[in-house]
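Got your viewer open? Let's walk through this one selection at a time.

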There are 2 protein chains.
Amino acid sequence: MAQVYDRVALIGLGLIASSLFWAMKRGGLAGEVTGYARSDETRATAREIGLCDRVCDSAAEAVKGADLVVLCVPVGVMGAVAAEIAPHLAPGATVTDVGSVKADVIAQVGPHLPEGVHFIPAHPLAGTEHSGPRSGFAELFDNRWCLLVPVEGTDKDAIARLRALWEGAGANVEEMDAEHHDLVLAVTSHAPHLIAYTMVGVADDLRRVTDSEVIKYSAAGFRDFTRIAASDPTMWRDVFLTNKDATLEILGRFTEELFALQRAIRTGDGDHLHAYFTRTRAIRRGIIEAGQDTDAPDFGRGARKS
Amino acid sequence: MAQVYDRVALIGLGLIASSLFWAMKRGGLAGEVTGYARSDETRATAREIGLCDRVCDSAAEAVKGADLVVLCVPVGVMGAVAAEIAPHLAPGATVTDVGSVKADVIAQVGPHLPEGVHFIPAHPLAGTEHSGPRSGFAELFDNRWCLLVPVEGTDKDAIARLRALWEGAGANVEEMDAEHHDLVLAVTSHAPHLIAYTMVGVADDLRRVTDSEVIKYSAAGFRDFTRIAASDPTMWRDVFLTNKDATLEILGRFTEELFALQRAIRTGDGDHLHAYFTRTRAIRRGIIEAGQDTDAPDFGRGARKS
């Protein structure tokens, strides 16, 4: 695969940044990769494990001379980071991000960037329950989607180049506008995460069911919720605060449906329940056919320890 | 491993029965295994794939001479099946089941069984999103829990023997009383399933987000919900109708918590959200330490097709 950028700067060195680094190395997509993280500890870890060709002690130093700057920080601090790096950006450079919310990031970052710098927001739809510089791996984006959300009038060549980077990192790339992105993600990711966090919190509160029982007997259902609810708290706090309207709208619809199903349980309306559960099966089939999950019957059991 | 029962009858031939059959064969746990399913098609499939040593055309025939009868039918029909087989049970035989609800099954089945037959309700905490006779595999119960819920005064030797069967099939066995079982399962399985079904239904209803987008971009969160929401509709309808009180209680608490988090989003209370999400992480760690899931960073990606 051909090199896409001469110098890439990663600002923030968590799961996504570290995975992108290893994916760029795997594909030979970048010349030099610099990196910066606010925490001393993260920078020390990055140096220890060889994450980035050069770990810098300031964001300004990291972005100097970079033709691509990737903001990999929580959504809530994107604006502050953009303000910090803006004076140091090279003319003609592209700034992108990996945040889970797009309209708010555009509003935060856009005003800080100078003329002649291309701003192309992006969102790779990939993750694990782990976070931090040690959690990355080159295959994270393979066969996953990366959504580009360019603002109107963005340079076509700059978009094509960023697309080439993400495709080189293994992702399938599509373009979408910011409002639509935020609604789609509220349905497919943000609301489900809040719901999973809630259910795990309920279990934790219920003292009659001891912690150890909830943990021991979590074979079905709840275990998947705990995986979702183990995601990075700072990242998710920011997601909910910055994609507030779409998330609250979806949660409102969710509550309405849940009340209807609760009533069916209370009144013993088995036909209603059966019809509902039959309909939801079809969506699952679609996801498997779209190659976004496996239907192996021993799903997730392969790496079990004993 | 030593043979535990001379003749085992499986009534109902879905995921759990077929997995138990293959696990018994793997471990040499049973002499002859007979099987019965109400549907002609299921019996034909069972004969085709060698599921059961002998597939019978009536439940009465299947249980004749069996020293263990395992009811593997949806919870809602346990009573009817018990009534059907009761006159044909051998003296000293053990009847057990694999239903996800226990108090209701005891109330349904118990009254039908004759003196001298041991009734030991059980619940293996294992499953996949698949159902039917072709979905079983010998490893389903390996390192999973099987809960025995014996009624008071049950013969100790009969319990020990059933325990030996499930341990031979790979499971860890514990005893629990029926009411506690139903509450624990409402938290760890029943409420999470209803919530997952609901969220998938909401996504399906939301016409602005097309089906294909929900499916394409389901990388995080929602994908896990669809896996849960693809479970067998008949089984789950019966679970909710027969474990009504505990499920509704947990759903009530869930709604209360969800409203509190929604309010935190609406008012921008980031500290509340962050503290909540931090707390739920600890439960996840416990599950991994308990060996009930893997924390491999590429969880579930191994069998991906392309």
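Here is a tour that goes from confidence to the interface and then to symmetry.

**Stop 1: colour by pLDDT.** Bear in mind that this is a predicted model. Chain A has a mean pLDDT of 90, with 92% of its residues at 70 or more. Now select residues 297–306 of chain A: pLDDT there is below 50, though the stretch still has 26 contacts in the model beyond near neighbours in sequence. Where pLDDT is low, the predicted coordinates should not be read in detail. For the complex, the predictor reports an ipTM of 0.85 and a pTM of 0.84.

**Stop 2: select the interface.** Pick up the residues of each chain that contact the other, and you should get 116 from chain A and 117 from chain B. Between them the two chains bury about 11100 Å², with 65% of that on carbon and sulfur atoms. Next, show A:Tyr217, A:Ile265 and A:Phe277 as sticks: in chain A these lose the most area to chain B, yet together they account for 7% of what that side buries.

**Stop 3: which elements of chain A touch chain B?** Switch to cartoon and highlight β8 (145–148), α7 (178–205), α8 (211–216), α9 (222–228), α10 (233–242), α11 (244–267) and α12 (270–289), each of which supplies at least two residues to that side. Zoom in on α7(A), which gives the largest share at 21 residues. Colour the chain A side by class and you'll find 56 nonpolar, 30 polar and 30 charged residues.

**Stop 4: how many salt bridges link chain A and chain B?** Zero, by the count. Polar contacts are another matter: across this interface, 22 residue pairs qualify, both partners being at pLDDT 80 or more.

**Stop 5: superpose the chains.** Lay chain A on chain B: a turn of 180° with a shift of 0.0 Å along the axis does it, at an RMSD of 0.0 Å. That is how a two-fold axis relates its copies. Finally, compare the two interface selections: 100% of chain A's interface residues are also interface residues in chain B, so the copies meet through the same surface.

Technical notes
Residues are numbered from 1 along each chain as its sequence is written. Chains are lettered from A and ligands numbered from 1 in the order in which they are written. This is a predicted model: local features need pLDDT of at least 70, side-chain atom pairs count only at pLDDT 80 or more; totals for chains, interfaces and linings use all residues. Side-chain values use heavy atoms; hydrogens and water are left out. pLDDT is the predictor's confidence in each residue, from 0 to 100. Contact means heavy atoms within 4.5 Å. Buried area is the accessible area (1.4 Å probe) that two parts lose on being put together, summed over both. A salt bridge is a side-chain nitrogen of Lys or Arg within 4 Å of a carboxyl oxygen of Asp or Glu. A polar contact is a pair of N or O atoms within 3.5 Å; within protein, one must be able to donate a hydrogen and the other to accept it, and residues adjacent in sequence count only if both atoms are side-chain atoms. Helices (H or I, at least four residues) and strands (E, at least two) are DSSP runs, numbered from the N terminus. Ala, Val, Leu, Ile, Met, Phe, Trp, Tyr, Cys and Pro count as nonpolar, Asp, Glu, Lys and Arg as charged, and the others, Gly among them, as polar. Copies are superposed by least squares on the C-alpha atoms of residues with pLDDT of at least 70 in both.
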